[in-house]
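Trainee: I am new to this structure. Could you take my questions one by one?

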Amino acid sequence: MQNNAIHALAKLVNRALSKVQTGSSSQDRAAHDSVERAPDGLPIPSEPLIKLVAGPRAGISWFLEGGRRGAESIVEILERNGARFADLRAILDFGCGCGRVIRHFSSAAGTKFYGADYNPEMVAWCERHLPFAKFTSNGLGPPLPFPSKKFDLVYALSVFTHLSEELQFRWMEDLSRVLKPGGFLLLTTHGESYLGHFSDEEKQQFRSGKLITRGVANSGTNTCSAFHPPAYVRAELAKDFQVLDFIPEGAKGNPTQDAYLLRKPPLSTRLMTVGSNAYKSY
Ligand SMILES: C[S@@+](CC[C@H](N)C(=O)[O-])C[C@H]1O[C@@H](n2cnc3c(N)ncnc32)[C@H](O)[C@@H]1O
């Protein structure tokens, strides 16, 4: 009888110990989850996620350095156009991937950061490891799960480069919807610097101002590519925006893509230009 009691007690102790060893307390779960951290203290994503956002040859150092340059160039492009990044209250990283760029804003105070992506695995990683921002996944096509006129800035780095023409137009409309009047949209595209990758026919098409797309059946992935002549962006894609700036190969974090800074017209301009359509919802 005494032996049975000792056995029962030993069983209980063993069960408790094995719970601790298999990490059922939150402290132990954190230890199991431990991932490599960058000098900024934030975790580093797995190699496959890094390659999906930064290219097949990218490693950790380019993931961090390219992301830093991307973030820096957003601030610079706004500032050279008279807008202070620190004055923006709500910013969306559209196509945020595994947070390569947004992570560099982790200590920006006074601004709310959001990320959205079509790939739920990327979003799950961001939600778990970048707690300073809010992340959400979206469909291949619009809409985003945000109310209209929420953001001061939306940036989409190397996202329109992977969408069919139809999806690009639909996204421009939805990004305009979620921007405040007067809000900024910063886009990067494959421009002239990619001419070397084209067939003669494609070169001619590009030079005559036509969008070139490949693999549109795989829109939203890196196997779909779009190449934007600057004239096409101004006349077609960004036709409902003011084009504040165009910087050939200006996407420092996504070399050698072009960068465009667009602005959703402020309400007063819209009222003057759209006349009887002034009450259309934007
Ligand atoms: C080349 S990666 C760039 C990621 C990130 N912007 C960066 O520069 O590190 C393209 C990203 O766009 C995302 N994407 C593609 N289509 C999308 C869509 N329709 N909506 C949201 N994200 C999309 C992909 O899932 C991927 O994370």
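Trainee: Which residues of helix H5 are buried?

Mentor: This is a predicted model. Helix H5 covers residues 120-129. Its buried residues are Met122, Val123, Trp125 and Cys126.

Trainee: Why do the buried residues of H5 line one face of the helix?

Mentor: An α-helix has 3.6 residues a turn, so residues three or four places apart point the same way. On the other side of H5, Pro120 and Arg128 are exposed. Seen down the axis of H5, the buried residues line one face because they fall within an arc of 160°.

Trainee: What do the buried residues of H5 pack against?

Mentor: One partner is a helix, H3 (47-54). Strands also take part. The full set is helix H3, strand S2 (112-117) and strand S3 (134-137).

Trainee: Is Leu163 buried or exposed?

Mentor: Start with its place: Leu163 lies in the loop between strand S4 (151-156) and helix H6 (165-178). A residue counts as buried if 20 or more other C-beta atoms lie within 10 Å of its own. Leu163 has 25 within 10 Å, so it is buried.

Trainee: Which residues is Leu163 in contact with, leaving aside its neighbours within four places in sequence?

Mentor: Two of them are Gln168 and Trp171. The others are Ser219, Gly220, Cys224 and Ala226.

Trainee: What separates the C-alpha atoms of Leu163 and Ser225?

Mentor: Along the chain, Leu163 and Ser225 are 62 residues apart. In space, their C-alpha atoms are separated by 6.9 Å.

Trainee: How many residues surround the ligand, and which are the closest?

Mentor: The shell has 10 nonpolar, 10 polar and two charged residues. In total, 22 residues surround the ligand. The closest are Gly95, Gly97, Arg100, Tyr118 and Gly220.

Trainee: What share of the protein chain's contacts with a separation of 6 or more comes from residues 24 or more positions apart?

Mentor: The chain has nine helices and nine strands. Of its 282 residues, 34% count as buried. Among contacts with a separation of 6 or more, the share from residues 24 or more positions apart is 62%.

Trainee: Where is the pLDDT below 50?

Mentor: Take the whole chain to begin with: the mean pLDDT is 87, and 83% of residues reach 70 or more. Over residues 1-33 the pLDDT is below 50, and this stretch has seven contacts beyond near neighbours in sequence. Another stretch with seven such contacts also has a pLDDT below 50: residues 274-282.

Terms used
Residues are numbered from 1 along each chain as its sequence is written. This is a predicted model: local features need pLDDT of at least 70, side-chain atom pairs count only at pLDDT 80 or more; totals for chains, interfaces and linings use all residues. Helices (H or I, at least four residues) and strands (E, at least two) are DSSP runs, numbered from the N terminus. A residue is buried if 20 or more other C-beta atoms lie within 10 Å of its own, exposed if 12 or fewer, and partly exposed in between; C-beta atoms are placed from the backbone. Two residues are in contact if their C-beta atoms, placed from the backbone, lie within 7 Å. The arc is that of the directions from the helix axis to the C-beta atoms. A residue is near a molecule or strand if its C-beta atom, placed from the backbone, lies within 6 Å of it. Ala, Val, Leu, Ile, Met, Phe, Trp, Tyr, Cys and Pro count as nonpolar, Asp, Glu, Lys and Arg as charged, and the others, Gly among them, as polar. pLDDT is the predictor's confidence in each residue, from 0 to 100.
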